[in-house]
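Hi everyone, thanks for having me today. Please pull up the sequence and the model on your screens, and we'll walk through a few spots together.

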Amino acid sequence: MDGVGNWTISLALFSQGTTPINFYATDQNGTSSPRSVSLSIDTVAPGIDTIAVPDCLYSLRASACLLPSVSSTLAWTSSSTDISFFNIFQNNVSIGTTTALSLATTLSAGVNTFFIVTEDVVGNRATSSDYTIEMNSSPIIINEIAWSGTATSSADEWIELYNKTAYTLDLSRVVLRAEDGAPYIFLSGTIAPNGYYLIERTNDNTISDITADLAVPFSGIGNSFGLLNGGEVLYIEHLSSATTTLDMTPALSSCGGSWCAGTDGTRQSMERVNASAPGATTTNWMSNNILVKNGHDFGGLVINGTPKELNSASQLKQIGYYCAPYTSTYIEGGVYTHIGTICHYLSLGVSGLTRYGDIYKGTVGSSTIVTGHQLGNPIDSLQNGDTLSSPQTGERFFVAIFQIRSGPNFEFGQDLNGFRNYFQTGSIPPHPNFGILNFIYGP
């Protein structure tokens, strides 16, 4: 007590919450009635019990949240009863404060990391654990379309999808459909990281030596079946609380009212050029070049496409070739007199320690070999003996440079014989590490 009657007392060991304290005054005449004071102790920060994003129930990944839409809603729960507000952070930047238990947000491309800072009425704060959402607007794309079927059957259509991500993706909520409603295909299963997903019409005999991931009738709304040879617009869509388009082919009007690529008579597939460029871009599609192909139809004929393999636009390697008196490489399809016998083979895009360079008369798949050389390691390999035997004006020739692999399974003979058979008869090349340069003889 001080000199004027003020008392002080130290109190300790109070529990969290409100505790009533009674004060009494006592003298020789007795004890006063109590004066009650309530003491509140709150040093516990309010917590977040759970964080969830309803759209993540439809994630394209089983083990994490991968969404194709930019719009989403973050929701959370808290058992704390004295909360003043929630401050929500996205990628370490505050995107809003609220007293509600949810907040709509716009996802950025890539990984989005969220956490919530909670503050109660007395200023205690707590930070939640992180919650991560990855946004990818186009993780799966349409990669190749055999709308004209195969050489054995025009009804044997097939479509190939490609997974652009490094994750296994769940296809249970993905649909492939045509703008006119046929085909309308519910996909199933998964697609491997950077892998292909092959859909064959009706059964798995369309491509006899490559297993389909899905074999279904190309049916849809109404009684229509299959892909129209006159053209279709195809979509890949993700079905969740809202439908999101992952990829699409070009509008028919931008391609003259039909498919942008592919052929009917020679059954060349329509191949995507660049997986990173939009599918709706007309210049992002080309016909299979018939130089790079893979698989056989159920009649044993070679597919003019690349099912479950890199498209031909991505596979064919850049090469060069020239002979004196020329001092730089021939241009694809150019006319050259070719009077020299000592020639340069330029392995610009073909890798490997052992490479072969051959000259053929004719076109790929229908030619005869003129001469061939083992090129060794140099990128510019000088070879002798490239004499064309009695060439006629306008005759077609081509140079081929290809890798010969080394290994325990007789790859040397398989590659050399396999490529030469491919160039001369049109069989399937042993591997994609090769390049071709066509030229025309002319005086």
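Let's begin with strand β28, residues 342-346, which is joined to β31 by five bridges, with the two strands running antiparallel. If you'd like one pair to click on, isoleucine 342 stands opposite asparagine 384 in β31. Please keep in mind that this is a predicted model.

Now zoom out a little. Which strands make up the sheet around this pair, and in what order? Three strands form an open sheet, ordered β26-β28-β31, and the pairing is antiparallel. The edges are β26, residues 320-323, and β31, residues 380-384, and each of these edge strands pairs on one side only. On average, neighbouring strands of this sheet are turned by 20 degrees against each other, direction ignored.

Stay here for a moment, please, and look for the sulfur atoms. Cysteine 323 and cysteine 343 form a disulfide, with their sulfur atoms 1.9 Å apart. The pair links distant parts of the chain: cysteine 323 sits in strand β26 and cysteine 343 in strand β28, 20 residues apart. Is this disulfide left-handed or right-handed? The torsion about the S-S bond of cysteine 323 and cysteine 343 is about 105 degrees, so the link is right-handed. As for the surroundings, cysteine 323 and cysteine 343 are both buried.

That brings us to the other disulfides. How many disulfides does the structure hold? There are three disulfides in the structure. Counting the bonded cysteines along the chain, the disulfides follow the pattern 1-2, 3-4, 5-6.

One of them joins cysteine 56 to cysteine 65, at 1.9 Å from S to S. The angle about that S-S bond is -85 degrees, and the link of cysteine 56 and cysteine 65 is left-handed. Cysteine 56 and cysteine 65 are buried.

Another is formed by cysteine 255 and cysteine 260, whose sulfur atoms lie 1.4 Å apart. The link of cysteine 255 and cysteine 260 is right-handed, with 45 degrees about the S-S bond. Here is a nice spot to practise reading accessibility. Are cysteine 255 and cysteine 260 buried or partly exposed? Buried means under 20% relative accessible area. Cysteine 255 has a relative accessible area of 18%, so cysteine 255 is buried. Cysteine 260 has 22%, so cysteine 260 is partly exposed.

Next, let's go to another sheet. This open sheet has three strands in the order β5-β7-β10, again with antiparallel pairing. Its edge strands are β5, residues 50-52, and β10, residues 102-106, and each pairs on one side only. The twist from one strand to the next averages 20 degrees. Between β5 and strand β7, residues 71-77, you'll find three bridges, and the two strands run antiparallel. A pair to look for here is isoleucine 51, which stands opposite tryptophan 76 in β7.

Now for a hairpin. Strand β22, residues 234-239, and strand β23, residues 243-248, pair in the antiparallel sense over five bridges. How many residues does the hairpin use to join β22 to β23? The hairpin connects β22 to β23 through three residues. Across the two strands, glutamate 237 stands opposite threonine 245 in β23.

Let's move to the surface. Which residues form a nonpolar patch there? Ile9, Leu11, Phe23 and Val37 do, and together they have about 370 Å² of accessible area. Take isoleucine 9, which lies in the segment before β1, residues 17-23. Does isoleucine 9 count as buried or exposed? The cut-off for exposed is over 50%. Isoleucine 9 has 63% relative accessibility, so isoleucine 9 counts as exposed.

My last stop is valine 273, in the loop between β24, residues 270-272, and β25, residues 285-287. With 32% relative accessibility, valine 273 counts as partly exposed. Try this one on your own screen: how far apart are valine 273 and alanine 313 in sequence and in space? In sequence, valine 273 and alanine 313 are 40 residues apart, and in space they are 5.8 Å apart, C-alpha to C-alpha.

That's the tour. Thanks for listening, and please stop me afterwards if you'd like to go back to any of these spots.

Note on methods: Residues are numbered from 1 along each chain as its sequence is written. This is a predicted model: local features need pLDDT of at least 70, side-chain atom pairs count only at pLDDT 80 or more; totals for chains, interfaces and linings use all residues. Side-chain values use heavy atoms; hydrogens and water are left out. Two strands pair if DSSP finds at least two bridges between them. Helices (H or I, at least four residues) and strands (E, at least two) are DSSP runs, numbered from the N terminus. Axes are lines fitted to C-alpha atoms, for helices over the stretch in contact, and angles run from 0 to 180 degrees between N-to-C directions. Patches are made of residues with over 30% relative accessible area and no salt bridge: like charges are joined within 9 Å, nonpolar side chains (Val, Leu, Ile, Met, Phe, Trp, Tyr) within 5 Å. Accessible areas come from the Shrake-Rupley method with a 1.4 Å probe; for residues, only the protein chains shown count as cover. A salt bridge is a side-chain nitrogen of Lys or Arg within 4 Å of a carboxyl oxygen of Asp or Glu. Buried means under 20% relative accessible area, exposed over 50%, partly exposed in between (1.4 Å probe, protein chains only). A disulfide is a pair of cysteine sulfur atoms within 2.5 Å.
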